[in-house]
Amino acid sequence: MQGLPRIIKLTKRVYTFSKNVNKSCKQCTEGFDIDTDIVTKHSHKTNRLPRKSSTHWYHVDCAKALNII
């Protein structure tokens with residue numbers, strides 16, 4: 001089961017306090033600029049024990065290319 005994608009503004013506070021997040025684009029693996037829009041998608045599919053969810057971050061253009069949004 002996966003969560004619905006959301007478009008958010010990546011502020012310095014969001015970037016600093018985010019947990020369980022790979023802080024680069026899941027598609028193109030490039031980093032993000034502060035104060036830009038990004039797409040977040042919550043994922044429950046992990047290989048870790050105990051099962052923890054994670055959040056994947058995408059550039060808006062990358063998310064559109066993957067039909068996430």
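Aspartate 35 is exposed, with a relative accessible area of 53%. In this predicted model, aspartate 35 sits in the loop between strand S2 (21-25) and S3. Its phi is near 65 degrees, a positive value in a residue other than glycine. Most residues other than glycine have a negative phi. Asparagine 67 shows a positive phi too, of about 60 degrees, and is not a glycine either. Asparagine 67 belongs to the segment after helix H2 (60-65). At 66% relative accessibility, asparagine 67 counts as exposed.

Now step back to the whole chain. Two helices and four strands make up its elements. Read from the N terminus, their order is β-α-β-β-β-α. The chain has 69 residues, and 29% of them count as buried. Its accessible surface comes to about 5200 Å². Carbon and sulfur atoms account for 50% of that surface. Contacts across the sequence are also informative. Take those between residues at least 6 apart in sequence: 61% of them join residues at least 24 apart.

Strand S3 is a good place to look at such contacts. Aspartate 37 lies in strand S3, and lysine 9 lies in strand S1 (residues 6-10). What joins the side chains of aspartate 37 and lysine 9? They meet in a salt bridge, at 3.9 Å from N to O. The pair therefore ties together parts that are 28 residues apart in sequence. The structure holds one salt bridge. How open to solvent are its two partners? Aspartate 37 is partly exposed, with a relative accessible area of 40%. Lysine 9 is partly exposed as well, at 46%. Both values fall between the 20% limit for buried and the 50% limit for exposed.

Move along the strand to threonine 40, which also has its place in S3. Is threonine 40 buried or exposed? Threonine 40 counts as buried, because its relative accessibility is 6% and the cut-off for buried is under 20%. Which residues does threonine 40 contact, leaving aside neighbours within four places in sequence? They are Leu4, Pro5, Arg6, Ile8, Thr55, His56 and Trp57. Arg6 and Ile8 fall within the range of strand S1, residues 6-10. Thr55, His56 and Trp57 fall within the range of strand S4, residues 54-59. Threonine 40 thus has contacts in both ranges.

Further along comes histidine 42, again in strand S3 (residues 36-43). Histidine 42 is partly exposed, with a relative accessible area of 30%. Leucine 4 stands 38 residues away from histidine 42 in sequence. In space, the C-alpha atoms of this pair are 7.0 Å apart. Histidine 42 has a side-chain partner as well. A polar contact of 3.4 Å joins the side chains of histidine 42 and threonine 55.

Strand S4 gives the view from the other side. Histidine 56 is found in S4. At 17% relative accessibility, histidine 56 counts as buried. Setting aside neighbours within four places in sequence, histidine 56 is in contact with Lys26, Val39, Thr40, Lys41 and Ser43. Val39, Thr40, Lys41 and Ser43 fall within the range of strand S3, residues 36-43. The contact with Thr40 is the one already met from the threonine side.

Histidine 59 is found in strand S4 too. Which residues does histidine 59 touch, not counting those up to four places away in sequence? Its contacts are Cys25, Cys28, Glu30, Gly31 and Phe32. Cysteine 25 and histidine 59 are 34 residues apart along the chain. Their C-alpha atoms are separated by 6.1 Å.

The aromatic rings come last. A pair of aromatic rings is described by the distance of the centres and the angle of the planes. The count here comes to two aromatic pairs. Which residues form the aromatic cluster? Tyr15, Phe32 and Trp57 form one cluster. Two of these residues have appeared above: Trp57 among the contacts of threonine 40, and Phe32 among those of histidine 59. Tyrosine 15 has a charged partner in lysine 23. Lysine 23 lies over the face of the tyrosine 15 ring, at 4.5 Å from the ring centre.

Key. Residues numbered from 1 in each chain as written. Predicted model: local features only at pLDDT ≥ 70, side-chain atom pairs only at ≥ 80, totals over all residues. Heavy atoms only, no water. Buried < 20%, exposed > 50% of the residue type's maximum accessible area, 1.4 Å probe, protein only. Contact = heavy atoms within 4.5 Å. Areas by Shrake-Rupley, 256 points an atom, 1.4 Å probe, with all protein chains shown as cover. Polar contact = N/O pair within 3.5 Å; in protein donor to acceptor, adjacent residues only side chain to side chain. Salt bridge = Lys/Arg side-chain N within 4 Å of Asp/Glu carboxyl O. Phe/Tyr/Trp six-rings, centres within 6.5 Å; stacked < 30°, edge-to-face > 60°. Lys NZ or Arg CZ within 6 Å of the ring centre and 35° of its normal.
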